[in-house]
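Please take a moment with the sequence and the model shown here before reading on. The paragraphs after it lead from the interior of the structure outward to a sheet and a helix.

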Amino acid sequence: MNNILEEINKRTLVFDGAMGTSIYSKGVFVNTCFDMLNLTNPEMIKGIHTDYVKAGADVILTNTFGACNIKLKKFGLESKCVEINQTGVKIAKEVAGDSVYVLGSVGSRLNFGSMMTSENIKEIEQSYYEQIEALKSGGVDGIMFETYFDINELLLGAKIAKKLNLPVFGSITLKKELETPNGLGIKRAITLLDKSEYVDVLGLNCSIGPHAMLSAVKKIIDIIHKPLVVQPNAGSPQKIDGRMIYMNTPEYFTSYCKHYVELGVKGVGGCCGTNETHIEDMAKAIKAISSAKKHIEVVDVDISKNNEIVVTPAHEKSNFAKKLFSKDFATTIEITPPRSVDLSDVIKKVELCKKAGIDAINIPDGPRASSRISPLVTALMIEKQTGMETILHYCCRDRNLIGMQSDLLGGYAGGLRNYLIVTGDPPKLGNYPDATAVFDVDSVGLTTVVNNLNHGVDIAGNIINPPTSILIGVGANPCALDIDKEINHLKNKVQAGAEYIITQPVFDVEALFRFIDKTDNISIPVVAGIWPLVSYKNAMFLKTEVPGVNVPDSVIKRMEKAKTKEDGLKIGLEIAVEMKEKLASFVSGYQVSAPFGKVDLAIDVLQV
């Protein structure tokens, strides 16, 4: 394996979850010395490590958080310090094998509220030497100083670990006010570690849950220069039948971990309240994110010297293109393919849209990684039976590069002219979480493939004549957590050949205005995504479960006022129409979703 510092700079690593929570769940009393279990019940500790490795952890921490002579003294076990640490490493390494990293867990010598002084610093320093030397002799891949509230103490331990030539992870804990328990603000605390020559990787762990931890990450991610590892608690514990129980689900935990990675965090794990279920759920999602895989590089081929190829201008590629590039608004409605082979209901809905004067039908490709009838076949049948143009969403998740080119050429031969190129949701979001994701290329790479086909060149560099004339659309998220990263990604898509943009559903109009201001040098049409909400529950689902969609609290409060189903539809329609009118001067068209198949509601949004 690579050195762990090399690896964490190359990819996002999945860390394990809580050790103490797992021990406690097995019936061990809290007044027991958990570290001593390395000697008295090694099979229990080995089993916990094994569960985390099976769950997908790339890094596990030894059961040695409190295994220093200062903390062991209250149990009368200070003489066992070296043995406990060396055995803790041995147990972890037996489980880790050659594919998982082992970090020695080292906790503070201080109790909350106390500080290092001239009277105790010598004892603390000697304690660090004893524990870290024992961990090193066991063969750890580095030291994780975790749950620290005193930066000076952490730096003292880090200096000793660095003298012993060990990679150093320095993780601090925060209160809900986003400051350390002794009152140091997060930016000041993390900057001190970031500038230290003794700390290689920064960390935030414990005390706060996933939501508060996201706020913490946002505050520091743009000011640090070293990799960041984030390990939140499962949430806030509640006392039930004498036990402290963490109520947040693994799915809730995972949804925030994905946000951390989107912001640039290089390591994600769990602290108090998390177990192997949280890590398994999170690991599948994190490892399925497309950025975790190196994509095939698709080169934009220059065929300017081939005079035989006639390239079609964007506005001539389809009727939808003519409308999009004119002064009239282009209107589209999204209709999801069915789960069965019966397309009759879809055809009826399309006929309603045609009668209402809608320009095109959007066909999602496996939305939220669900399995449905082929969107390509759905689009072909719609065009054949109704004469309505479609916009086929095409994602990179499910097919390799050869298969994708075959679909693109086949769809074009069948009459499809409008595509929306998207990377696609990872399988973990859908009904088949164990399915694999291909992701040979992302949306930038596939846009390049289509642009090459439009210029008469296939993925192997072979000339094809006549070329395709596909109108290339791409997605954009005006409410992305890292808006600068999103804009750079969009610019790459445009450079690759994108000809129009469809945004994620927009509920925050001001966010779209800011996004458009920042992309004023991108001169291709923008189609605004609009989702008419149908209920408070629908609004909350979009806010918490759908990646890339941001529903402001103001919208949630309006939907919360709906007392009946009819109220929900009415308020949702009002919000959608208001957004449509506010956006009219800034976009070239609208893409309206039909939630739960309510095409009449989508038509109402466009016709009001």
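A nonpolar core is a set of buried Ala, Val, Leu, Ile, Met, Phe, Trp, Tyr and Cys residues joined through side-chain atoms within 4.5 Å, and buried here means under 20% relative accessible area. In this predicted model, the largest such core holds 82 residues, among which I333, C353 and L446 touch the most other members. Helix α22, which spans residues 565-583, supplies the largest share of this core, with seven residues. A second core, separate from that one, has 72 residues, including L37, A92, A158 and I172.

To see the surroundings of one of these residues, one can begin at I333, whose contacts, leaving aside residues up to four places away in sequence, include C353, I358, A360 and I361 as well as V592, A594, I603 and L606.

The next element to trace is an open sheet of eight strands, which pair in parallel and follow the order β1-β10-β7-β6-β5-β4-β3-β2. Because β1 (13-14) and β2 (59-61) stand at the edges with a single partner strand each, one side of each is left without a neighbour in the sheet. Within the sheet, β4 (residues 142-148) and β5 (residues 168-172) pair in the parallel sense over four bridges, and I143 stands opposite V168 in β5.

Helix α19, made of residues 509-518, has V509, A511, L512, F513, F515 and I516 as its buried residues. These buried residues pack against β15 (471-476), α18 (483-496), β16 (500-505), β17 (526-530) and α22. At the N-terminal end of α19, D508 acts as a cap, with a side-chain oxygen 3.3 Å from the backbone nitrogen of E510.

Definitions and conventions: Residues are numbered from 1 along each chain as its sequence is written. This is a predicted model: local features need pLDDT of at least 70, side-chain atom pairs count only at pLDDT 80 or more; totals for chains, interfaces and linings use all residues. Side-chain values use heavy atoms; hydrogens and water are left out. Two strands pair if DSSP finds at least two bridges between them. Helices (H or I, at least four residues) and strands (E, at least two) are DSSP runs, numbered from the N terminus. Buried means under 20% relative accessible area, exposed over 50%, partly exposed in between (1.4 Å probe, protein chains only). Contact means heavy atoms within 4.5 Å. A polar contact is a pair of N or O atoms within 3.5 Å; within protein, one must be able to donate a hydrogen and the other to accept it, and residues adjacent in sequence count only if both atoms are side-chain atoms.
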